[in-house]
Amino acid sequence: MKSGPERTDVVIIGAGFTGLSAALELKAAGIDFLLLEARDRVGGRVESTENGLGERVDSGGQFLCEDMPELMALVETRGKALVEAYVDGEFVAQPAMSEAEAERTYLASMAIRDRMNRIDPDDPAIAGLSVATWLASQNDPDDAKAAFRSMIEGLWCQALEKIPLWHLIDNDRRITNEVSELQYFVRETMHSLADDLARDLGDRLRLNTAVKAIEHGPGRVRIVAATGTIEARAVLIAVPPATAAKLDFAPPLPAGLQRSLAVWQSGAVIKVLVRYPAAFWREHGLSGMVMWRDLPGLFACDASKDDDHAALVVFVGGPLALRWRDLGDVALRAEVTARLVEALGQQAAGVLDLSYRDWTDDRWSGGAYSDLIIDVTATDAERRLLAGTPPVHFASSELSPSFPGYIEGAIVAGRIAARKIMAGL
Ligand SMILES: Cc1cc2nc3c(=O)[nH]c(=O)nc-3n(C[C@H](O)[C@H](O)[C@H](O)COP(=O)(O)OP(=O)(O)OC[C@H]3O[C@@H](n4cnc5c(N)ncnc54)[C@H](O)[C@@H]3O)c2cc1C
């Protein structure tokens, strides 16, 4: 006899840190749920791969700092060892400038960022402005503006021309760390933490289960995946907004909610890990940190685990990632190495291994750390997504009240969403 569809109370779509955190919250409260994940692994934008030396490395989200309380607590309770990132020594700016000039330019770019964040995001005077338009109106030296562009396009992975000024201010104000966000990384990889969380979920977690459609009505939902259909009382769509926009909803979502999903766009990032026989830059009094004003969005820093694992991580973010992606494998490797040689000297050519993960156009998580709103008029898009249309709910790092676009934000967003759903069951 053919049995009917599977039933549960809550279906969570997406096993990134948002979905994993929501699932653990439901589990602790004794709620019946299923967590469905399209990929053959958990973690989403937190992922690990093997480099050419057979070492497991974080190819996605990796760093954290003491100002991220929920992630720090998880790392501690799960017994993960932290490596403190090496920061001693000089920071290098490209094109080359003196240490004093580099320091002055960095401080000037941070002053622009502080000035921006003092603007009220709801101020009607900035309505309709992109970050690029606002920056052009500022009276700062060109060097400071170039450093500001490089920093913002590196951190948000999107061209300044596309980002609404109110959105960047609103986002940046929620990123409240006072110490560097690159303070620590997890020795066994951040991805191993996602695996640990998943282990607690047992058979409530289903990998290789890509959801295609959501049929919804008052107090009930049907989740349609290639592997079958599940009926539930509520669904949490724990995927980034631009990825959520690709799901089929029946009936279609209310028009305002549809528009609120459509205004997000994924940025672009390529994360490169370059292993060296030794951290040669330290011998020259350099920290390994490099910022390029002439190649906005390019940034490098020391990510050595220990003396036997000397490494630089290079982030290629925003429009530069889209250009370099099109170079192809060989030329991309050559380009990264050449830029490091220019900045740190000939020893940078002595690469042991160079591995990279191109996230641009990633099918399941978008192309970067986070999606951003790219419509200057969409001031209520985030609020509408957070309200959802119960029993259909949305959560992702992007929608977090703290650290949007970070792992910390995903944990917070997942827990809040789970509590909200439980309150409505
Ligand atoms: C290269 C890179 C470096 C980063 N570095 C850092 C860092 O150092 N520190 C930091 O704090 N943050 C970092 N981030 C950002 C951080 O990783 C993310 O903000 C966070 O992990 C997002 O979690 P999430 O659960 O909201 O979304 P995701 O991790 O994207 O999870 C969404 C999940 O949903 C799944 N999914 C999507 N569609 C479907 C579907 N139809 N059916 C089923 N499943 C689906 C996806 O496969 C994915 O597993 C980085 C991100 C990248 C890409």
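Here are three short exercises on this predicted model, each with a worked solution.

Some ground rules: residues are numbered from 1 along each chain as its sequence is written, and side-chain values use heavy atoms, leaving out hydrogens and water. Local features need pLDDT of at least 70 and side-chain atom pairs count only at pLDDT 80 or more, while totals for chains, interfaces and linings use all residues.

**Exercise 1. The sheet**

Work out in which order the five strands of the open sheet stand, and which helices pack on it.

Step 1. Helices (H or I, at least four residues) and strands (E, at least two) are DSSP runs, numbered from the N terminus. Two strands pair if DSSP finds at least two bridges between them.

Step 2. Read off the order: β10-β3-β2-β14-β23, with parallel pairing. β10 (205–206) and β23 (392–394) are at the edges with a single partner strand each, so one side of each has no neighbour in the sheet.

Step 3. Zoom in on β2 (residues 10–13) and β14 (residues 234–237), which are joined in parallel by four bridges. Here I12 has L236 of β14 as its bridge partner.

Step 4. Now add the helices. α14 (residues 407–424) packs on the sheet, touching β2, β14 and β23, and makes about 165° with the direction of β14. α1 (residues 17–28) lies across β2, β3 (33–36) and β14, at about 165° to β3. Contact means heavy atoms within 4.5 Å; angles run from 0 to 180 degrees between N-to-C directions, with axes fitted to C-alpha atoms, for helices over the stretch in contact.

**Exercise 2. An enclosed helix**

Find out why helix α6 (residues 165–172) counts as largely enclosed.

Step 1. Set the cut-offs: buried is under 20% relative accessible area, exposed over 50%, partly exposed in between (1.4 Å probe, protein chains only).

Step 2. Check the residues: L165, W166, H167, L168, I169, N171 and D172 are buried. That makes seven of the eight, so the rest of the structure largely encloses α6.

Step 3. Look for the cover, which includes α3 (99–117), α5 (142–156) and β22 (371–373).

**Exercise 3. Two domains**

Describe how domain 1 and domain 2 meet.

Step 1. The bounds, from an automatic or database assignment, are 6–45 + 189–263 + 375–424 for domain 1 and 88–179 + 269–358 for domain 2.

Step 2. Their centres, taken over C-alpha atoms, are 31 Å apart.

Step 3. At the meeting place, 13 residues of domain 1 contact 12 of domain 2.
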